[in-house]
Amino acid sequence: MSGPAAMPGSVRDLRIWQEGMQLVEDVYALSAGWPSSELYGLTSQARRASVSIPANISEGVGRGSPGELARFCRIALGSAYELLTHLELALRLRFSSADQLDPAFQTLGVLMRRITRFIQVQEART
């Protein structure tokens, strides 16, 4: 790897991937308390959207070019917006309280801004 703008040596080195992985853990813990009738509904959707964030970042890294990394990070960003909607629904349906969800909303907001900036950096490299 040459210089700070080079592709990451490992996806594990990326802060956005690390934060995405932590968010997956948080979403699984939050959704564990949701109604069992939602296991194949909102619970599954929220969990899949959260997993999609670091998974797509990983796939982008594996593609080996800044353009592909940016493309897959845009997909990860779309999953983050999807997760935002799932968490908002959990709040509106009273599956979780605002106090329970606020940390996830805050983490998700920060992560979305970081992914957006990361995409901009990668696109500038193409």
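Two residues are in contact when heavy atoms of theirs lie within 4.5 Å of each other. With that in hand, a tour of this predicted model can start from a single threonine. T43 touches S31, W34, P35 and E38, leaving aside residues up to four places away in sequence. T43 belongs to helix 2, which covers residues 42-63. With a relative accessible area of 3%, T43 falls under the 20% limit and therefore counts as buried. A little before T43 comes G41, which sits in the loop between helix 1 and helix 2. G41 has a relative accessible area of 24% and is partly exposed. From G41 to E19 there are 22 residues along the chain, and the C-alpha atoms of these two residues are 25 Å apart.

E19 leads on to helix 1, which spans residues 15-31 and also holds R15. The side chains of E19 and R15 form a salt bridge, with 3.0 Å from N to O. Four residues separate the two partners, about one turn of the helix. Such spacing suits a pair within a helix, because an α-helix has 3.6 residues a turn and residues three or four places apart point the same way. Despite its charged side chain's pairing with R15, E19 is buried, since its relative accessible area of 18% is under 20%.

Helix 1 packs against helix 4, which runs through residues 98-124. The axes of the two helices come within 10 Å and cross at roughly 155°. An angle over 145° counts as roughly antiparallel, so helix 1 and helix 4 are described in that way. Their crossing is left-handed. On the helix 1 side, the residues that meet helix 4 are R15, I16, E19, G20, L23 and L30. Their counterparts in helix 4 are Q100, L101, A104, T107, L108, L111, R114, I115 and F118. Both partners of the salt bridge between E19 and R15 are thus found among the residues of helix 1 that meet helix 4.

Helix 4 itself has 27 residues, and its end C-alpha atoms are 38 Å apart. At 1.5 Å a residue the helix should span 39 Å, so the two values agree. Which residues of helix 4 are buried? They are L101, A104, F105, L108, L111, M112, I115, F118, I119 and Q122. The cover over these buried residues includes helix 1, helix 2 and helix 3.

Helix 3 is another partner of helix 4, and the two pack at an angle of about 165° with their axes 9 Å apart. Helix 3 and helix 4 are therefore roughly antiparallel to each other. Here, too, the crossing is left-handed. One pair of residues gives a sense of how sequence and space differ: R71 and Q122 are 51 residues apart in sequence, while their C-alpha atoms are 9.3 Å apart. R71 is in helix 3, and Q122 is one of the buried residues of helix 4.

Helix 3 extends over residues 66-92, with 27 residues in total. From its first C-alpha to its last it reaches 39 Å, close to the 39 Å expected at 1.5 Å a residue. Just after helix 3, R94 takes a positive phi of about 60°.

Salt bridges are a further feature of the model, and their count comes to seven. In general, side chains of opposite charge can pair when their charged atoms come close. Within helix 3, R71 forms a salt bridge with E68, the closest N and O atoms being 3.2 Å apart. R71 and E68 are three residues apart, about one turn of the helix. R71 is partly exposed at a relative accessible area of 36%, and E68 is likewise partly exposed at 23%.

Helix 3 also contains R92 and E88, four residues apart, again about one turn of the helix. Their salt bridge brings the closest N and O atoms to 2.9 Å. R92 is exposed, with 61% relative accessibility, whereas E88, at 29%, is partly exposed. Beyond such pairs, E59, R63, E68 and R71 are joined into one network by salt bridges that share partners.

Note on methods: Residues numbered from 1 in each chain as written. Predicted model: local features only at pLDDT ≥ 70, side-chain atom pairs only at ≥ 80, totals over all residues. Heavy atoms only, no water. Buried < 20%, exposed > 50% of the residue type's maximum accessible area, 1.4 Å probe, protein only. Expected span 1.5 Å × (residues − 1). Salt bridge = Lys/Arg side-chain N within 4 Å of Asp/Glu carboxyl O. Axes fitted to C-alpha atoms, helices over the stretch in contact; angles between N-to-C directions. Parallel < 35°, antiparallel > 145°, perpendicular 65-115°, else oblique. Left-handed = near helix turned anticlockwise from the far one by under 90°.
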